[in-house]
Amino acid sequence: MIKQTKENSEYSGLQELLNLEEIKNYNSSIVKESLKNIVSPKNVIDFGAGIGTLSMIFREFSIKTQCIEIDKVNKEYLIKRNLPVFDSLSKLKDSADLIFSSNVLEHIEDDLSVLKELKKKLSHDGIVFYTYLQK
């Protein structure tokens with residue numbers, strides 16, 4: 001997988017995200033797993049939302065998400081899917097009960113700083129749930 005950097009910011013991985021969308025049981029299972037330790041989350045952030053595959057599954061559970069995504073192509077996809085999209089955590093006003101992220105942190109050079117920023121966005125009892133697909 002290609003890491004997105006300032007030098008190759010035009011790479012969105014759209015085809016790979018569309019392929020990952022086809023593994024429906026896996027996607028559903030990780031959303032369900034993220035919900036095991038939290039009761040009725042009111043504010044969920046999908047950090048590095050890609051094209052919104054997992055946010056769409058949250059929507060099936062009547063849970064609204066706010067998507068954080070920096071890629072231009074992916075943001076257009078999110079907008080077409082009527083998902084609220086922001087390009088940074090700082091643009092969100094409220095704290096989150098659940099911050100969900102899948103297949104993102106391994107692409108961020110300073111992942112520790114990002115985790116600290118995620119923690120600042122959590123409500124008192126909130127959790128960060130992270131998963132990745134090993135290849």
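The questions and answers below go through the sheet, a helix and the charged pairs of this predicted model.

Me: In what order do the 5 strands of the open sheet stand?
Reply: The pairing in this open sheet is parallel. Its 5 strands follow the order E3-E2-E1-E4-E5.

Me: Which strands stand at the edges of the sheet?
Reply: An edge strand here has a single partner strand, so one of its sides is left without a neighbour in the sheet. Two strands fit that description, one of them covering residues 85–86. They are E3 and E5.

Me: How many bridges link strand E4 and strand E5?
Reply: Strand E4 spans residues 96–102, and strand E5 spans residues 122–131. The two pair in the parallel sense. The count is 6 bridges.

Me: Which residue in E5 is the bridge partner of Phe100?
Reply: E4 and E5 pair in the parallel sense. Phe100 has its bridge partner in E5. That partner is Phe129.

Me: What is the hand of the β-α-β unit made by E4, helix H5 and E5?
Reply: Helix H5 covers residues 111–120. Together with E4 and E5 it makes a β-α-β unit. The unit is right-handed.

Me: Is Val128 buried, partly exposed or exposed?
Reply: Val128 is found in strand E5. Its relative accessibility is 35%. Buried would need under 20%, and exposed over 50%. Val128 therefore counts as partly exposed.

Me: How much accessible area do Leu112, Leu115 and Val128 have together?
Reply: Leu112, Leu115 and Val128 form a nonpolar patch on the surface. Their accessible area together is about 230 Å².

Me: Which residues is Tyr77 in contact with, leaving aside its neighbours within four places in sequence?
Reply: Tyr77 has its place in helix H4, residues 72–80. At 25% relative accessibility, Tyr77 counts as partly exposed. With those sequence neighbours set aside, the contacts are Leu14, Leu18 and Ile51.

Me: How far apart in space are Tyr77 and Ser88, C-alpha to C-alpha?
Reply: In sequence, Tyr77 and Ser88 are 11 residues apart. In space, their C-alpha to C-alpha distance is 17 Å.

Me: How many salt bridges does the structure hold?
Reply: Side chains of opposite charge can pair when their charged atoms come close. One such pair is Glu33 with Lys36. The structure holds 5 salt bridges.

Me: How far apart are the closest N and O atoms of Glu33 and Lys36?
Reply: Glu33 is partly exposed, with a relative accessible area of 37%. Lys36 counts as exposed at 60%. The two form a salt bridge, and their closest N and O atoms are apart by 3.1 Å.

Me: Which residue in helix H5 forms a salt bridge with Lys120?
Reply: The partner lies 3 residues from Lys120, about one turn of the helix. Lys120 counts as exposed at 64% relative accessibility, whereas its partner is partly exposed at 40%. The closest N and O atoms are 3.2 Å apart, and the partner is Glu117.

Me: Which residues do salt bridges that share partners join into one network?
Reply: Lys91 forms a salt bridge with Asp87, with the closest N and O atoms 3.0 Å apart. Asp87 is partly exposed, with a relative accessible area of 34%. Shared partners join one network of Lys75, Asp87 and Lys91.

Notes
Residues numbered from 1 in each chain as written. Predicted model: local features only at pLDDT ≥ 70, side-chain atom pairs only at ≥ 80, totals over all residues. Heavy atoms only, no water. Pairing = 2+ DSSP bridges. Helix = DSSP H or I, 4+ residues; strand = E, 2+ residues; numbered from the N terminus. Right-handed = clockwise from strand over helix to strand, strands pointing away. Patch = residues over 30% accessible without salt bridge, like charges linked within 9 Å, V, L, I, M, F, W, Y side chains within 5 Å. Areas by Shrake-Rupley, 256 points an atom, 1.4 Å probe, with all protein chains shown as cover. Salt bridge = Lys/Arg side-chain N within 4 Å of Asp/Glu carboxyl O. Buried < 20%, exposed > 50% of the residue type's maximum accessible area, 1.4 Å probe, protein only. Contact = heavy atoms within 4.5 Å.
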